[in-house]
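Dear colleague,

I am handing over the structure below, and after it you will find what turned up when I went through it. Please read the notes with the coordinates open beside them.

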Amino acid sequence: LYDANNGDELERAEKFGADILRLCVAVGGVLFVPSLINWSDNRDIVESRLSDLLGRQVTIEGDVTFSMLPMPTLRATGLRVASEPGAHHGTLLTVGAIDLRVAMLPFLRGTIEAGQATLIDPVLTVERLPSGSLSIDRALGLRADTSFERIIVENGIVHWRDLDGSEVTASGVFGQISVDRASGPIRATGGFRLGAGRYGVELQTGTRSASGLWPVTATLSIE
């Protein structure tokens, strides 16, 4: 005999199976479609987003890739950030590779929502300009909606150049930086080599004032 209840259960099971199949297809698309896109052919989009974020012209000379697993991560190699017009050095920052954990849909809409950025082999050149400002000042004017849970620096170099042409270089720079929002506060811990010495540093800023000044507390230790 036909059991109506069994028929209803079979229909519900079929609908449930179809829903699971659709979910698997959707998840599979989210996970694997980004890997099928040639991001290097669209590096101008990534350059535009990063230039908007930093307020400086950003050029990517290497490859751009995007992976969903284990975390959605955008990787770019050979990244170059322009310095201020009139600066002795035309480049403010070069990065061997940057790994940026991003939210995919906001990124495509033009908004950077990053939880973590890892800078590998960065070289930062900071100089005092004839105006008295620093070449990095405007790059610190991040968009108001910018925040990073953590910025990791690995094997960095920082060059400092004064108006008289004297230069100082710190190497082996490493550390972690957290940015609650573009106006601060900013917290950083790390270390560097200067000459034969090895130093540790802890830095904490307050919120940037309307005039652009940052209250800063820093601790320097000799290791």
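Helices and strands here are DSSP runs, of at least four residues for a helix and at least two for a strand, and they are numbered from the N terminus. Please keep in mind throughout that this is a predicted model.

In those terms the chain contains three helices and ten strands, and from the N terminus on its elements follow the order α-α-β-β-β-β-α-β-β-β-β-β-β. Of the 223 residues in the chain, 33% are buried. The exposed surface comes to about 13,000 Å², of which carbon and sulfur atoms supply 59%. If one takes the contacts between residues at least 6 apart in sequence, 48% of them join residues at least 24 apart.

The next item is internal space. How many cavities of 30 Å³ or more are there? The count comes to one, and the volume of the largest cavity is about 30 Å³. Its lining is made up of Val46, Leu50, Leu74, Ala76, Ile98 and Leu100, and by class this gives six nonpolar residues, with no polar and no charged ones. Helix H2 (43–54), strand S3 (73–82) and strand S4 (91–102) each contribute at least two residues to that lining.

Leu100 also appears in the surroundings of Gln116, a residue that touches Asp99, Leu100, Arg101, Arg150 and Ile152 when residues up to four places away in sequence are not counted. Gln116 lies in strand S5 (residues 114–127), and because its relative accessibility is 12%, under the 20% limit, it counts as buried. With one of those residues, Arg150, the side chain of Gln116 forms a polar contact of 2.8 Å.

The last residue I looked at is Leu129, which lies in the loop between S5 and strand S6 (148–161). Is Leu129 buried or exposed? Its relative accessible area is 8%, so Leu129 is buried. Leaving aside residues up to four places away in sequence, Leu129 touches Glu84, Ala87, Leu134, Ser135 and Leu163. As for Glu84, which is 45 residues away from Leu129 along the chain, the C-alpha atoms of the two are separated by 8.7 Å.

With best regards

Methods: Residues are numbered from 1 along each chain as its sequence is written. This is a predicted model: local features need pLDDT of at least 70, side-chain atom pairs count only at pLDDT 80 or more; totals for chains, interfaces and linings use all residues. Side-chain values use heavy atoms; hydrogens and water are left out. Buried means under 20% relative accessible area, exposed over 50%, partly exposed in between (1.4 Å probe, protein chains only). A polar contact is a pair of N or O atoms within 3.5 Å; within protein, one must be able to donate a hydrogen and the other to accept it, and residues adjacent in sequence count only if both atoms are side-chain atoms. Contact means heavy atoms within 4.5 Å. On a 1 Å grid over the protein atoms alone, a cavity is a set of points where a 1.4 Å probe fits but cannot get out, and a pocket is an open set with protein on both sides within 12 Å along at least five of seven lines; lining residues have an atom within 4 Å of a point. Grid points are joined across faces, edges and corners, and a volume is the space filled by probe spheres set on the points. Ala, Val, Leu, Ile, Met, Phe, Trp, Tyr, Cys and Pro count as nonpolar, Asp, Glu, Lys and Arg as charged, and the others, Gly among them, as polar. Accessible areas come from the Shrake-Rupley method with a 1.4 Å probe; for residues, only the protein chains shown count as cover.
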